[in-house]
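The exercises below ask for a reading of selected contacts and strands in one protein chain. Each task is followed by a solution in steps.

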Amino acid sequence: MFCFNFSVADEDSNCSNGVLPKPSPPAATLHWQPAQMFQVSRQDWQALLSEPAVLEEQTFGNVQIKYLGLDFISDKLESSNKVSAAIKQAEEEYSDLIPAVYEGGLRVWECTWDLLRLLHTTPSLHWPGKRVLELGCGAGLLGIYAFLCGASVTFQDYNMDVIEQVTVPNVLYNAADLSATVAGEEEKQDGEEAIDASLALQDKTLQALEQRVRFCYGDWGDLPQLLESSALCPTTEVETVKLACEDDAHTAGNNNNSSSSCYDARNDSSCREANLDESRKPSSRRSCDLKDCADNCTMSEKFDFILTSETIYNQDNYEKLLDIFTSCLQPEGVVLLAAKSCYFGVGGSVASFIAAVERTGRLQHRKLFEHITGVRREIIEIKLLE
């Protein structure tokens, strides 16, 4: 059976619990694959409807996020004839991380739930019409949340297999009208529901996917140049997603109604939080039609939000990541980065990354959230210096 070694180390008071396993020793020279766009046609979206899928679901207030479960992904890849050598190597080595080969995108890591909870409980965040980049997206849950709330989203992961087999289907299942049959109790685990996905794509859903979503994969080093050459049309039209996201945002602070499998930070005394800037103004951008999208939408507008989780485990990639922040962020844009305080056996840590942020001389940072018992986890807000 196709499976990965997702075991964690024993807990200690520092940060050696629940972290990425120690990777295989890198070769003398790592050959990172260049960044490329992953194109999804209308026919591709439709073809996905004929593929079986068993989904899990997490709810954040009125926002329901559906995603392929790890067991289903493993079975899917095991039976697929499209799996790359990179994924096969990771499976053979029972590894979650092989630098420049496989970068761990098939699993939803812990800090993603932390950041989703923060997004849900922050009423000041206004998504319609915003441009969002999710770096190291994996399952794409952060970007999907923003998409469901009206943003235009670029999903990026290192491995094309992850984008094709996991991210793209997850986006589709959330954008489409789902006629779901909840599985029996014997199929439920950890409060999650296994859902048999029966989809019916409407034309306006396809249009939303074409206008407001794009995908790319490969190395961060040449990602800024790739993004500059590809336009994505922002829109404030959110009719395709029948979710009360705006209403939910106003009540999130008082009603932390989330059935996510992660803990409730608001009720956890081991968590510390700061508030995001509540001075954000609604976007003044207007939606545009596909026919004039090329004229009105350019990447010179850059991103209003960059969301990323569990991406600072490799210090060798810090310079690339920071270059994306400084070159792809709007002047008033915000980076929200979730990470374990340190990655035992791999080398990365929040402290070392913050030091790298400060060395740029172009970025400011502050801590928004800290989980201080067991596996230490943090969320950092990063902005351009004024």
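**Exercise 1. Strand β4 and its neighbours**

Task: Determine how many residues of β4 are buried, and which way its side chains point.

Solution. The model is predicted. Step 1: β4 is mostly covered, with five of its five residues buried.

Step 2: R131, L133 and L135 point one way from the strand, while V132 and E134 point the other way; all are buried.

Step 3: β4 runs parallel to strand β5 (residues 152–157), and four bridges join the two. Within this pairing, L133 stands opposite T154 in β5. The chain passes from β4 through helix α5 (residues 141–148) to β5, and this β-α-β crossover is right-handed.

Step 4: β4 also runs parallel to β12, again with four bridges. Here E134 has L307 of β12 as its bridge partner.

**Exercise 2. An aspartate in β12**

Task: Find which backbone atom the side chain of D304 reaches, and decide whether D304 is buried or exposed.

Solution. Step 1: locate the residue. D304 is in strand β12, which spans residues 303–309.

Step 2: the relative accessible area of D304 is 11%. The cut-off for buried is under 20%, so D304 is buried.

Step 3: the side chain of D304 reaches the backbone nitrogen of R131, at 2.8 Å. R131 is itself one of the buried residues of β4.

**Exercise 3. Aromatic pairs across the sequence**

Task: State how many aromatic pairs the structure holds, then describe the pair of W45 and F215 and the pair of W127 and F305.

Solution. Step 1: there are nine aromatic pairs in the structure.

Step 2: one of them is W45 with F215, a tilted pair at 6.1 Å centre to centre, with 50 degrees between the planes. W45 belongs to helix α1 (residues 42–48) and F215 to strand β10 (residues 213–217), so the pair ties together parts that are 170 residues apart in sequence. Both W45 and F215 are buried.

Step 3: W127 and F305 also form a tilted pair, at 4.7 Å centre to centre and with 40 degrees between the planes. This pair links distant parts of the chain, 178 residues apart: W127 is in the loop between α4 (110–120) and β4 (131–135), and F305 is in strand β12. W127 and F305 are buried.

Step 4: ring pairs also link W45, F155 and F215 into a cluster.

**Exercise 4. Charges over rings**

Task: Identify which ring the charged end of K320 sits over, and which ring face R107 lies over.

Solution. Step 1: the charged end of K320 sits over the ring of W32, 4.4 Å from the ring centre.

Step 2: R107 lies over the face of W109, at 4.7 Å from the ring centre.

Step 3: K320 is among the buried residues of α11. Eight of the 11 residues of this helix (residues 318–328) are buried, so α11 is largely enclosed by the rest of the structure.

**Exercise 5. A polar contact between distant positions**

Task: Decide whether D203 is buried or exposed, and how far D203 and R42 are apart in sequence and in space.

Solution. Step 1: D203 lies in helix α7 (residues 203–212).

Step 2: its relative accessible area is 52%. Exposed means over 50%, so D203 is exposed.

Step 3: D203 and R42 are 161 residues apart in sequence, and their C-alpha atoms are 9.8 Å apart in space. The side chains of D203 and R42 are joined by a polar contact of 2.8 Å.

**Exercise 6. A hairpin and an enclosed helix**

Task: Establish in which sense β2 and β3 pair, and how many residues of α4 are buried.

Solution. Step 1: β2 and strand β3 (residues 63–68) pair in the antiparallel sense, over six bridges. E56 stands opposite Y67 of β3.

Step 2: the two strands, β2 and β3, form a hairpin with two residues between them, and G61 in the turn has a positive phi of about 65 degrees.

Step 3: β2 (residues 54–60) is mostly covered, since five of its seven residues are buried.

Step 4: in α4, 10 of the 11 residues are buried, so this helix is largely enclosed by the rest of the structure. The buried residues include W113, D114, R117 and H120.

Technical notes
Residues are numbered from 1 along each chain as its sequence is written. This is a predicted model: local features need pLDDT of at least 70, side-chain atom pairs count only at pLDDT 80 or more; totals for chains, interfaces and linings use all residues. Side-chain values use heavy atoms; hydrogens and water are left out. Buried means under 20% relative accessible area, exposed over 50%, partly exposed in between (1.4 Å probe, protein chains only). A polar contact is a pair of N or O atoms within 3.5 Å; within protein, one must be able to donate a hydrogen and the other to accept it, and residues adjacent in sequence count only if both atoms are side-chain atoms. Rings of Phe, Tyr and Trp (its six-membered ring) pair if their centres lie within 6.5 Å; planes under 30 degrees apart count as stacked, over 60 as edge-to-face and the rest as tilted. A charge sits over a ring if NZ of Lys or CZ of Arg is within 6 Å of the ring centre and within 35 degrees of the ring normal. Two strands pair if DSSP finds at least two bridges between them. A crossover is right-handed if, with the strands pointing away from the viewer, the path from the first strand over the helix to the second runs clockwise.
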